[in-house]
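Hi everyone, thanks for coming. I have one structure to walk you through today, so let me put it up on the screen.

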Amino acid sequence: MSPRRRYWLMKSEPGDFSIDDLQRVGTEPWTGVRNYQARNFMRQMQVGDGVLFYHSNCEVPGVYGIAEVASTPYPDPTQFQKTSKYYDPKATHEQPRWELVDVQFSRKLRRPLPLSEIRGHADALGEEFELLRKGSRLSVMPVTGAQWKRLLSLE
């Protein structure tokens, strides 16, 4: 029996890497996560899990596309690269601190779902919807199956 499919929301600044970039390359390692809670969520990811691709820190933040987890978690190589902005001097190959998954493009949404519109559905999405929590800055967060369906119904 295969494990139950899970869902995630992953944020990226479109100036660094956008849904259009993912569409162009097909599959990309999700490097640079340097928050322990977000890292721990990535450690739970399985091949085939659904991803809401969210543009953050831009004029219109929101969900712009859908992707899929394409690999099991593995050490983020940027933690070992001294020239990388994600270099971590405490990380070693024997004991890496940061992991990533590969993310594969599925499709762009028919229209973006702006954060302002998502906020209008806060009651239906529930209190546990991390994106709408005050002060939440996680770049990777879980999404329930019901939240996934609700968000995609807005498309």
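I'll begin with the overall picture, then go through some of the strands, and end with two loop residues.

One thing to keep in mind from the start: this is a predicted model. So please take every value you hear from me as computed from that model.

Let's start with the overall fold. The protein has five helices and eight strands. If you trace along from the N terminus, the order is β-α-β-α-β-β-β-β-β-α-α-β-α. The radius of gyration is 15 Å, close to the 15 Å that the globule rule gives for 155 residues, so the protein is as compact as a globular protein of that length. Along the principal axes, the C-alpha atoms fill a box of roughly 45 × 40 × 30 Å.

How much of the protein counts as buried? The figure is 45% of the 155 residues. As for contacts, take those in the protein with a separation of 6 or more: 73% of them come from residues 24 or more positions apart.

Now for the surface and the charges. About 8,700 Å² is exposed, and carbon and sulfur atoms supply 47% of that. On the charge side, we have 22 positive and 19 negative side chains, and the centres of the two sets lie 3 Å apart.

Let's move on to the strands, starting with β1, residues 7-12. Why can we call β1 largely enclosed by the rest of the structure? Because six of its six residues are buried. Y7, L9 and K11 point one way from β1, while W8, M10 and S12 point the other way, and all are buried. Yes, that includes the lysine, K11.

Which strands pair with β1? One partner is β3, residues 50-55, which runs parallel to β1 and is joined to it by six bridges. Another is β8, residues 140-143, which pairs with β1 in the antiparallel sense over four bridges. If you want a residue to click on, try M10. In β3, the bridge partner of M10 is F53, and in β8, M10 stands opposite V140.

From F53 we can step across to β4, where its bridge partner is G65. β3 and β4 pair in the antiparallel sense over six bridges. Strand β4 covers residues 62-69, and seven of its eight residues are buried, so β4 too is largely enclosed by the rest of the structure.

On we go to β7, residues 102-114, which pairs with β4 in the antiparallel sense over seven bridges. Here you can look for E68, whose bridge partner in β7 is Q104.

Finally, those two loop residues. The hairpin of β3 and β4 has six residues between the strands, and N57 lies in that loop. What is the phi of N57? It is positive, about 50°, although N57 is not a glycine. N57 is also exposed, with a relative accessible area of 62%.

The other one is K85, in the loop between β5 (74-75) and β6 (99-100). Is K85 buried or exposed? K85 is exposed, with a relative accessible area of 63%. If we compare its position with Q104, which we met in β7, K85 and Q104 are 19 residues apart in sequence and 24 Å apart in space, C-alpha to C-alpha.

That's my tour. Thanks for listening!

Methods:
Residues numbered from 1 in each chain as written. Predicted model: local features only at pLDDT ≥ 70, side-chain atom pairs only at ≥ 80, totals over all residues. Heavy atoms only, no water. Helix = DSSP H or I, 4+ residues; strand = E, 2+ residues; numbered from the N terminus. Rg over C-alpha atoms; globule rule 2.2 N^0.38 Å. Buried < 20%, exposed > 50% of the residue type's maximum accessible area, 1.4 Å probe, protein only. Contact = heavy atoms within 4.5 Å. Areas by Shrake-Rupley, 256 points an atom, 1.4 Å probe, with all protein chains shown as cover. Lys, Arg positive; Asp, Glu negative; His and termini not counted. Charge placed at Lys NZ, Arg CZ, Asp CG, Glu CD. Pairing = 2+ DSSP bridges.
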